[in-house]
Amino acid sequence: MAKANDASAEQHKWVYLFEEGSGDNKSLFGGKGAGLCEMTRAGLPVPPGLIVTTEACNAYYANNKQFPEGMWEQVVEALHAVEEKVGKKFGDANNPLLVSVRSGAAFSMPGMMDTVLNLGLNEETVQGLAEQTGDLRFALDAYRRFASLFGEIVIGVAHEKFERVMDRFKAQTKGGKDTDLKPEELRGIIAAEKEIILAEQHAIPDDPYEQLRVAIGAVFNSWMGRRACDYRRINRIPDDLGTAVNVQAMVFGNMGANSGTGVAFTRNPSTGKKELYGEYLLNAQGEDVVAGTRTPNPISQLKKELPKVYEQFNAITQLLEKHYHDMQDCEFTIERGKLWMLQTRTGKRTGAAAVRIAVDMASEKLIDRETAVKRVTPEHLDQLLHPTVDPKTTAPVLATGLPASPGAAQGQVVFSPDEAEEMAKEGAKVVLVRQETSPDDFHGMVAAQAIVTARGGMTSHAAVVARGMGKTCVCGASAIDVDYSQQQFTVDGEVIPKGEWITVDGSTGRVFLGKVPTIQPSLGTDFHELMKWADKFRRLGVRANADTPLDAKTARGFGAEGIGLCRTEHMFFGDQRLAAMREMILADGVGAREKALEKLLPLQRGDFVGIFREMAGFPVTIRLLDPPLHEFLPNVDELLSELAELKMGLKQAKTMVEMDHLLDEIDEKRNLLRHVNKIREANPMLGFRGCRLGLLYPEVTRMQCRAIFEAACQVKGERKQVTLEIMVPLVSVSEELKQQSEVINEVAREVMGEHSFGTNDLTQTTFGLSRDDSGRFLPSYVDRKILTDDPFQVLDTEGVGELVRIGAERGRSIKPDLKVGICGEHGGDPQSIAFCNEIGLNYVSCSPYRVPVARLAAAHAALEAEERAAADRELEEAAREAVAQ
């Protein structure tokens, strides 16, 4: 769509006026542009403007960052139409039209791309603006804002350089605020800003059209900027969508006490409560609210200050929510008492808010239950399960701010987003503390466990981005004094240096010193109601991986329909059990091994009794001993180190008794080292483990099965239902399963053998990767797009998934009612669950705390499959009708 065909390029429409666009074409106009089109068509008060489409952005990149043929001419033509609507002329010295230039992708990416306000100002038009408005101070304030934004966004000057100029001039005023700056001080700021830009070997063009041209290019360039790319990677947004550019006539919130700007949501984005929720500032422009440089007022206060404007805005937001059937995020400006709508888009929300809004809107008949279930994402539920600070804590509170994004998180204090990213890569948990955040901090916010800012409100950049990511955040903690140069912050004289641990409670706005105990959250009625609806839509069963009675109880509490994987080897850890297990491994001969196994039998039986009781008749799949035996023994390096210490102690021994005792210990360690070396393997994950262990040591299988069936009989004797399934692990050939089944049948008359794929091991063997070691390089593979996802987190559908499909199909060709599921980590991943639903597996099994996510993801998979089937039926019907005609 670039210059390949000049004739078609000349005819192609790259630019649309708001009234020409459509609200349902976000892919072409971007989310912001589509919203502006829709509000314009509905007759709402929207400043006129034009949209340069996402197609133009893609053509720009395809054409070596050159505007596509005819695009600029269409921009100029559309701008003339805007001039006629507002009665002003772009670049005119006497009656100037100023515009904003904003990005707008199909998917909301708050703060990730660039915006320039007040574009069109120069030394001549600023005088015209002053005469036009009768307010010189306002005109100069607009000019200094334009100069800093243009310098930062278009030229690439660091924001901090302009901020230091502002701080220097504000410090010379009595009040120390932006609004205290007088015309002569504003002229000084503008001059200083231009000097900063000149020092970078650049200058702001005097020609407004040249300003517009390079600003549009800068917005296109921001699509591939670091923060935008990071955001898309985190949120799985494709890189080839492009961004639209919205060029809109400026309206001004900084024209006095009856002017202002704000952002509001039609419902509370943190809790989901049905209330107009947001913030505003009088005598300010939009960037003041979002940047967090001034702490704004709650939207409810606008009802007292400008009641007519508040009532009008409240009515419009309710209308928009009903129109879009979803919570809206609205941006507005008030110019001398007149309300202007600048944006409406679907609002980002926390997990708790997503659940409440979905359930409430279904109850209000605004959406149906199917839509409510689809509206809540698995990521939302994941957030909902975040721990919270124990309300009983007596830990000292360092500071209190605004509860911008809920949850509790702990980490070491860092002040640089780059350092946050680097430390997180090394495995450290960090909390990013900033005066306020900017879009350039995004990569550090992703890496941090939580974010704390000293300035900013509930709709500031930090708050909006944190809520979108489900990241714990406290904003506007004004007691915190951040000192970047000293890498510390202070609160009432107490110094908190970099590296100190703090705990952030995003639900209450509190920041604690040190590590504060956390608890699992209680899930309310809205959550359980939504889960009931999800369960009605899903086809796939959801079980949990559970190894203890407590795990089983937790799993049932989250709605698991059974245990898909009970790993018996996890029952052998703990001092008493591990000692008996080591005795069994080190035993010489069957008799000694059976004697050690007798100690393990009652321990395993007790665990199984507890699990069967908790599951109350739901199926329990128990996997016989699977891991390599070396996992239960010390490693060679540890033993050699301990042996060296004992020998050193022997040299220093002072009595014969002490020497005899040390010699006995040395002999014991040597014996243990000899056994460890004897069973040591070059590649233990593919060695003597799984059913191979049971085939060579059938007494191990006998003990485990006796514990299982004795526990089942005991619980049945209590008049409770038991549904038991036994998994024989790591079977390669049918004879292995046959011989293990014969051993099992010696212990129990009937064996309910069910088949399940262990997708972790299947991924290891298919890729030739070790799950334990590949963490060193797989993240880099994903970043460099060698792999789309980590195959141990998201099922590789083309390789591993195809093997699962083949296994299920061939197994069911022999036994049609064969029960098949997966029990690896993939059982809790939404993409993997969708694939399991597609190939007709019976169930997935995941960790207990992932069960709600799996239930919802299974519902989404079933609903999406039905939508695809309905679309296919419509297509087939249309094809039949076409043939008939």
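## A nonpolar surface patch

Y781 is found in helix α30, which covers residues 778–783. With a relative accessible area of 34%, Y781 is partly exposed. Together with F777 and I786, Y781 forms a nonpolar patch on the surface, and the three residues have about 260 Å² of accessible area together. These descriptions refer to a predicted model.

## Overall dimensions and content

The chain has 885 residues, of which 53% count as buried. The secondary structure consists of 33 helices and 32 strands. The C-alpha trace spans about 105 × 95 × 55 Å along the principal axes of the chain.

## The sheet around β11

An open sheet is formed by 5 strands in the order β10-β9-β8-β11-β12, with antiparallel pairing. The edges are taken by β10 (297–298) and β12, each of which has a single partner strand, so one side of each is left without a neighbour in the sheet. Strand β9 (residues 277–282) is joined to β10 by 2 bridges, and the two run antiparallel. In this pairing, Y280 has N297 in β10 as its bridge partner.

Strand β11 comprises residues 328–335, and 7 of its 8 residues are buried, so β11 is largely enclosed by the rest of the structure. On one pairing, β11 is joined to strand β8 (residues 260–265) by 6 bridges in an antiparallel arrangement; here F332 in β11 is the bridge partner of G262. Strand β11 also pairs with β12 (residues 338–346), in the antiparallel sense and over 8 bridges. In that pairing, R345 in β12 stands opposite D329.

## Positive phi angles

Most residues other than glycine have a negative phi. Two residues of this model are described here against that background. R336 is placed in the loop between β11 and β12. The hairpin of these two strands has 2 residues between them, and R336 takes a positive phi near 50° there. With a relative accessibility of 43%, R336 counts as partly exposed.

N118 is likewise not a glycine, and has a positive phi of about 65°. N118 is found in strand β6, residues 115–119. The relative accessible area of N118 is 0%, and N118 is therefore buried.

## Salt bridges

The count of salt bridges comes to 51. One of them links R226 to E421, with the closest N and O atoms 2.7 Å apart. R226 lies in helix α10 (residues 226–235) and E421 in helix α17 (residues 417–425), so the pair ties together parts that are 195 residues apart in sequence. R226 counts as partly exposed at 45% relative accessibility, whereas E421 counts as buried at 17%.

A salt bridge is also formed by the side chains of E364 and R267, with an N to O distance of 2.7 Å. E364 is located in the loop between α14 (351–363) and α15 (369–375), and R267 in the loop between β8 and β9, so this pair ties together parts that are 97 residues apart in sequence. E364 counts as partly exposed at 34% relative accessibility, while R267 is buried, with a relative accessible area of 0%. The side chains of R623 and D626 likewise meet in a salt bridge, at 3.8 Å from N to O; R623 and D626 are both buried. In addition, a network of salt bridges links D141, R144, R145, D167, K170 and D178.

## A negative surface patch

D660, D664, D667 and E668 form a negative patch on the surface. D667 is found in helix α25, which covers residues 656–679. At 47% relative accessibility, D667 counts as partly exposed.

## A buried loop residue

F632 lies in the loop between β28 (619–623) and α24 (636–652). With a relative accessible area of 2%, F632 is buried. F632 and A579 are 53 residues apart along the chain, and their C-alpha atoms are separated by 9.2 Å.

Terms used:
Residues numbered from 1 in each chain as written. Predicted model: local features only at pLDDT ≥ 70, side-chain atom pairs only at ≥ 80, totals over all residues. Heavy atoms only, no water. Patch = residues over 30% accessible without salt bridge, like charges linked within 9 Å, V, L, I, M, F, W, Y side chains within 5 Å. Areas by Shrake-Rupley, 256 points an atom, 1.4 Å probe, with all protein chains shown as cover. Salt bridge = Lys/Arg side-chain N within 4 Å of Asp/Glu carboxyl O. Lys, Arg positive; Asp, Glu negative; His and termini not counted. Charge placed at Lys NZ, Arg CZ, Asp CG, Glu CD. Helix = DSSP H or I, 4+ residues; strand = E, 2+ residues; numbered from the N terminus. Buried < 20%, exposed > 50% of the residue type's maximum accessible area, 1.4 Å probe, protein only. Pairing = 2+ DSSP bridges.
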